[in-house]
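Reader: Please take a close look at one part of this model. I would like to hear about the contact between the chains.

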Number of protein chains: 2
Amino acid sequence: MSAAPVPQRRRRSPDAARAEILAAAHLFLSDRPFRELTVDEVMARTGLSRPSFYVYFRDRHQLLLSLVGEIGGELFVMAERWLKGGEDPIEGARAALHGIAAVYFEHGTALKAISDASTTDPEVEAIYRALLERFVEATAEHIEEEIAAERMLPFDARETARALVWMNDRYLTEAFGTLPPTPLASVVDTLERIWLRALYGVSP
Amino acid sequence: MSAAPVPQRRRRSPDAARAEILAAAHLFLSDRPFRELTVDEVMARTGLSRPSFYVYFRDRHQLLLSLVGEIGGELFVMAERWLKGGEDPIEGARAALHGIAAVYFEHGTALKAISDASTTDPEVEAIYRALLERFVEATAEHIEEEIAAERMLPFDARETARALVWMNDRYLTEAFGTLPPTPLASVVDTLERIWLRALYGVSP
DNA sequence: ACCATTACTGACACGATGTCAACAGTTGCG
DNA sequence: CGCAACTGTTGACATCGTGTCAGTAATGGT
């Protein structure tokens, strides 16, 4: 007898390992909620052991933040379509809502996960709120400009922006973060109508 | 020497114990988020030991459901002001929003906690969604009646109801579930304007 | 005074997290 | 080629919160 047991440990570059873990997490979230995402389950979907996880990420919340990473930026690019209102402001608003909805449509599960995680972890919460807060701030400023230009009737810009921005986030994660997703067109339609009527009193 | 160590265990009626635990949890939530609510911390604020908790509640999620309990009903009573639209429908909507906002104002921290817990526990999530779903359903029906009566222009009632109801929940928990709370009047104002404009195209 | 009932708890098993010292591929250098 | 030095990787451990259960201590009825 013999056959020395061959240990056979695979080995990758750090970047490859990170990417492998992120991919596993992304896959996981595509059909299970964030609350079920454990380090164990994610690493079981890679060729690595559980402790390796902590080499690349501090904890599962930071993993999520890495996963979402650029989406925040993408969202803001979309919002600028409206905020930098070169064109007709109403057309701009419409285009911005379209863009934002598209981002949520594409990254629905990840954004749902961030939203869920923000009630669990203080750091994620802070980042998530900060993102929405930027939106609120920018929207409020824009509303105030429109009021000053007498294209809107006067009202409390800050609170209105808060309500509408939170609505977007909630409704969009709801519509696209769970299965089956709501048809994109009817979601966009609905948001357009509410925003434009609420702000300008105009139907699309 | 002697002095037999006197064990001294206090004793209450089951109802008193339950109430004591609920009160402790309520107090806890008044200045700390749900994610920090552990069985340990709650029971430390009572004269009971941690295991006793499980005599009265299955887990911390069920505790929360008991704590909120009747609030769901209260909300629905408020909503009926609008849904059973005896009076002027616009006045009815206004009154309903007033009532709903008042409930969130009073029970802000508890409702925030439920909302948070719903991302953690499947059972809480189901109950929470069911509550909002009832609202959506009722609102959608009402909208359809108004459209049929030609008091509103036609649009997708179901999706509009979804967006507006989720907005209410999110915005109201945000406004009243964290400190310092937003002034009630400006919150109600904002919601009124958005709802009435979105549905009727009318400013308050 | 006694016992049946019931409120209560110490001690345990479990599951998930996060850490660390040791191990094993890989790479470069003589 | 052989041998360090480096670094990716992991087994084993400590910790924390949860949920359970057998056993203990008050209580009320007789």
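Author: What follows covers the contact, then the symmetry behind it, then the chain that makes it. The model is predicted.

Start with the contact. Chain A gives 27 residues to it, and chain B gives 27 residues. On chain A, two helices each supply at least two residues of the side that touches chain B: H9 (157–177) and H10 (184–200). That side of chain A has a mixed make-up, with 10 nonpolar, 10 charged and 7 polar residues.

Which surface does each copy use? Of the interface residues of chain A, 100% are also interface residues in chain B, so the copies meet through the same surface.

Now the symmetry. Two copies of a chain are related by a rotation about an axis and a shift along it. Here the turn is 180° and the shift along the axis is 0.0 Å, which lays chain A on chain B with an RMSD of 0.1 Å. The two copies are therefore related as by a two-fold rotation axis. In chain A, A:Met167 has the C-alpha nearest that axis, at 2.1 Å.

Last, the chain itself. Chain A has 10 helices and 0 strands. Its C-alpha atoms fill a box of roughly 90 × 30 × 30 Å along the principal axes. The radius of gyration of chain A is 21 Å, whereas a compact globule of 204 residues would have one near 17 Å. Buried residues make up 37% of the 204 residues in chain A. Among contacts in chain A with a separation of 6 or more, 59% join residues 24 or more positions apart.

Definitions and conventions:
Residues are numbered from 1 along each chain as its sequence is written. Chains are lettered from A and ligands numbered from 1 in the order in which they are written. This is a predicted model: local features need pLDDT of at least 70, side-chain atom pairs count only at pLDDT 80 or more; totals for chains, interfaces and linings use all residues. Two residues are in contact if their C-beta atoms, placed from the backbone, lie within 7 Å. Helices (H or I, at least four residues) and strands (E, at least two) are DSSP runs, numbered from the N terminus. Ala, Val, Leu, Ile, Met, Phe, Trp, Tyr, Cys and Pro count as nonpolar, Asp, Glu, Lys and Arg as charged, and the others, Gly among them, as polar. The radius of gyration is taken over C-alpha atoms; the globule rule is 2.2 Å times the number of residues to the power 0.38. A residue is buried if 20 or more other C-beta atoms lie within 10 Å of its own, exposed if 12 or fewer, and partly exposed in between; C-beta atoms are placed from the backbone. Copies are superposed by least squares on the C-alpha atoms of residues with pLDDT of at least 70 in both.
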